[in-house]
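The report that follows concerns cavities, pockets, ligand surroundings and strand pairing. Please keep the sequence and the structure in view while reading.

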Amino acid sequence: MLLSVILLLVLLAALGWLWMQVSVSPHHFPPLVPGFLHLIQADLPIHLLSLAQKYGPLYRLHLGIQEVVVLNSKKAIEEAFIKKWMDFPGRPQTFTSQLVSENDQDLSLGDYTPLWKAQRKLARSALVYVQNNMEPLMGQMVQDLCKGLLDQAGSPVSISEEFSMFTCSIICFLSFGEKRESSVQEINSLIKELMKTWDSWQVQFLNIIPFLRFFPNPGLRKLRQMIKKRDRIVQKQLRWHKETMVEGQIRDLTDYMLQKLREQGEGPSQLSEGHVHMTLVDVFIGGMETIASTLTWAVAFLLHHPEIQKRLQEELDQELGPGFSGSSPKYRDRARFPLLNATITEVLRLRPVAPLALPHTTKQSSNICGFDIPKNTIVIPNIYGAHHDDSVWEQSCEFRPDRFLEPELSSPGIPFSCGARVCLGEALARLELFLILAHLLHAFTLLPMNESSDALPSLKPTFGIVSKAQDFQVRLLPREARVGVITSGSPL
Ligand code: HEM
Ligand SMILES: *[C@@H]1O[C@H](CO)[C@@H](O)[C@H](O)[C@H]1NC(C)=O
């Protein structure tokens, strides 16, 4: 009798304990989307958005053998990366990210560590420094671009090519003080090729299906070659900078970072030249195609919306004078160009060039929108998807810069992501976008190749690490008032 009472009590206690376990820690994970083949979807960001319509803004899904959590709304992304930024600042370490980042010294692909924080701080202060000191020179370069385009006025111009070369020349100049066209060209084609190879299936599949690494892979061989070539170029610049450096004189990003490195001294827990090397690589990769692609999208949308182009030109004429009143647009005056600002905001919302940003990982367990996310989870912010949310932006698929003319009505998107990992080049990108579009639209009217409607560029994005417009050509019609100025020279 006593024995059975004790047994019963033990049983009850065990049941009670079990019950406690279930009710105290009822893990509430995001819904799991079935299937393993999501990665081969042609337009992944759009596919991920369509899943959000069924499963909600936050869900789990398998990309290859990896389980990831996808965030599909601005609210969820901000909750994770801003409010709970301490939980989400990591980067997954994959086979290819290790390959391209070498010795783990890369900034954009590096995991969140004390050394990484020091690297980001150094890169940030270097960018702020050169940007503050080089804006006038950048303005001059943009004017030279417009002069060059004037020679091509009337004939078909591959505008994305122009933008790509030009943004590369700005980055070369900021990073290395390099202005030689041959060097710019070499770096431009190298980075383009590198990104294409890295983004190819042959290479990306190696992350998902590890045993493929043991087979011959032409894509992988090519990637290794490009990385070698990339490193040779950067190494050469680093050597030249060290040889010609004058203490206290800063010519460019490289000088700035090398000098800060000397001040800090050497040590195992300190930044090394390898970090400077990889930071420069990041600036090139981050800063070329992204800005060029955004500019190309802006032109594509303006060809579809001549009425907005006209209003932009009126705004520019009104602030700068239709003829040449001695002023060219300055970034610090950008508040005087609300429509241009709204247009840039709208292009970045509709075609965020890094549609899935870069993947994050959780450094500790967290909770988003009421769902538990364990430590070491890969988290993908679907920025493209988040920007196509009708509950945040009315008729979200429409190009309507006017929605941003009354900031209290519409909040901007998050094209640069947000929080601890927010794009390091946001300020530089915004400066370039503003300067280039302001000069270009003040100097030229952008026209499609002919009057028929099929001469308009496609607005369908090609998705990759960077989303791009399909190539198209434009005609540039010089605007009377500006022509005289540009040709008669010395506008500064
Ligand atoms: C329109 C232009 C650009 C867009 C839309 C853009 C967008 C982004 C996005 C979405 C991320 C990922 C953030 C995250 O992981 O949450 C990123 C990271 C980054 N971007 Fe940009 N970017 C642009 C231009 C630039 C430029 C000009 C630079 C060069 C200075 C740059 C350098 C970087 C770097 C270094 C990172 C990695 C940051 C980190 O891991 O902490 N980007 N960018
Ligand atoms: C540009 O527009 C955005 C979106 O409305 C707004 O948040 C931002 O303050 C504006 N910037 C300037 C300089 O007017």
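## Lining of the largest cavity

In this predicted model, the lining of the largest cavity divides by class into 28 nonpolar, 9 polar and 6 charged residues. The lining comprises 43 residues, and those nearest the centre of the cavity are Ser-108, Gly-286, Thr-290, Leu-358 and Cys-423. The space that the largest cavity holds comes to about 940 Å³, and a search of the whole structure finds 4 cavities of 30 Å³ or more.

Several helices contribute to this lining: α5, α7 (181-198), α11, α12 and α16 (426-443) each supply at least two residues. Among the contributions, that of α11 is the largest share, amounting to 8 residues.

## Ligand 1 and its shell

What occupies the largest cavity? The space taken by ligand 1 is that cavity. Around ligand 1 there are 26 residues, of which Arg-120, His-360, Ser-417, Arg-421 and Cys-423 come nearest. By class, this shell contains 15 nonpolar, 8 polar and 3 charged residues, and the helices α5 (114-151), α11 (273-287) and α12 (289-304) each give at least two residues to it.

Polar contacts to ligand 1 involve both backbone and side-chain atoms of the protein. In the case of Ser-417, a polar atom of the side chain lies 2.5 Å from an oxygen atom of ligand 1. Ser-108 takes part through its backbone, with a polar atom 3.4 Å from an oxygen atom of the ligand, while for Gly-286 a backbone N or O atom is 3.4 Å from a nitrogen atom of ligand 1. Ser-108 and Gly-286 are also among the residues that lie nearest the centre of the largest cavity.

## The second largest cavity

The second largest cavity holds about 80 Å³ of space. Its lining is made up of Phe-176, Ile-187, Leu-190, Ile-191, Arg-230, Ile-233, Val-234, Val-281 and Phe-284, and the elements that give two or more residues to this lining are α7, α9 (218-244) and α11. By class, the lining has 8 nonpolar residues, no polar residues and 1 charged residue.

## The largest pocket

How much space lies in the largest pocket? The figure is about 1,600 Å³, and the pocket is lined by 48 residues, with Asp-199, Gln-204, Gly-464, Ile-465 and Val-466 nearest its centre. The lining of this pocket divides into 24 nonpolar, 14 polar and 10 charged residues.

Both helices and strands take part in the lining of the largest pocket, since at least two residues each come from α2 (44-55), β2 (66-71), α4 (95-101), α6 (159-176), α7, α8 (201-208), α12 and β7 (378-381). Of these elements, α7 gives the most, with 5 residues. The helix α7 also supplies at least two residues of the lining of the largest cavity.

## Surroundings of ligand 2

Ligand 2 is surrounded by Arg-334, Asn-341, Thr-345, Phe-404 and Pro-412. For Asn-341, an N or O atom of the side chain is 2.3 Å from an oxygen atom of ligand 2, whereas Phe-404 is involved through its backbone, a polar atom of which is 3.3 Å from an oxygen atom of the ligand.

## Strand pairing in two open sheets

One open sheet has 4 strands in the order β1-β2-β7-β4, and its pairing is mixed. At the edges stand β1 (58-63) and β4 (360-361), each with a single partner strand, so one side of each is left without a neighbour in the sheet. Within this sheet, β2 and β7 run parallel and are joined by 4 bridges; Leu-71 has Pro-381 in β7 as its bridge partner. The strands β2 and β7 also figure in the lining of the largest pocket.

A further open sheet is formed by 3 strands, ordered β3-β9-β8, with antiparallel pairing. Its edge strands are β3 (157-158) and β8 (444-447), each of which pairs on one side only. The strand β8 is joined by 4 bridges to β9 (residues 473-478), and the two run antiparallel; along this pairing, Phe-444 stands opposite Pro-478 in β9.

Conventions:
Residues numbered from 1 in each chain as written. Chains lettered and ligands numbered in written order. Predicted model: local features only at pLDDT ≥ 70, side-chain atom pairs only at ≥ 80, totals over all residues. Heavy atoms only, no water. Near = heavy atom within 4 Å. Polar contact = N/O pair within 3.5 Å; in protein donor to acceptor, adjacent residues only side chain to side chain. 1 Å grid on protein atoms, 1.4 Å probe; cavity = no way out; pocket = protein on both sides within 12 Å on 5 of 7 lines; lining within 4 Å. Sits in = over half its atoms within 2 Å of the grid points. Nonpolar A, V, L, I, M, F, W, Y, C, P; charged D, E, K, R; others polar. Points joined across faces, edges and corners; volume = space filled by probe spheres on them. Pairing = 2+ DSSP bridges.
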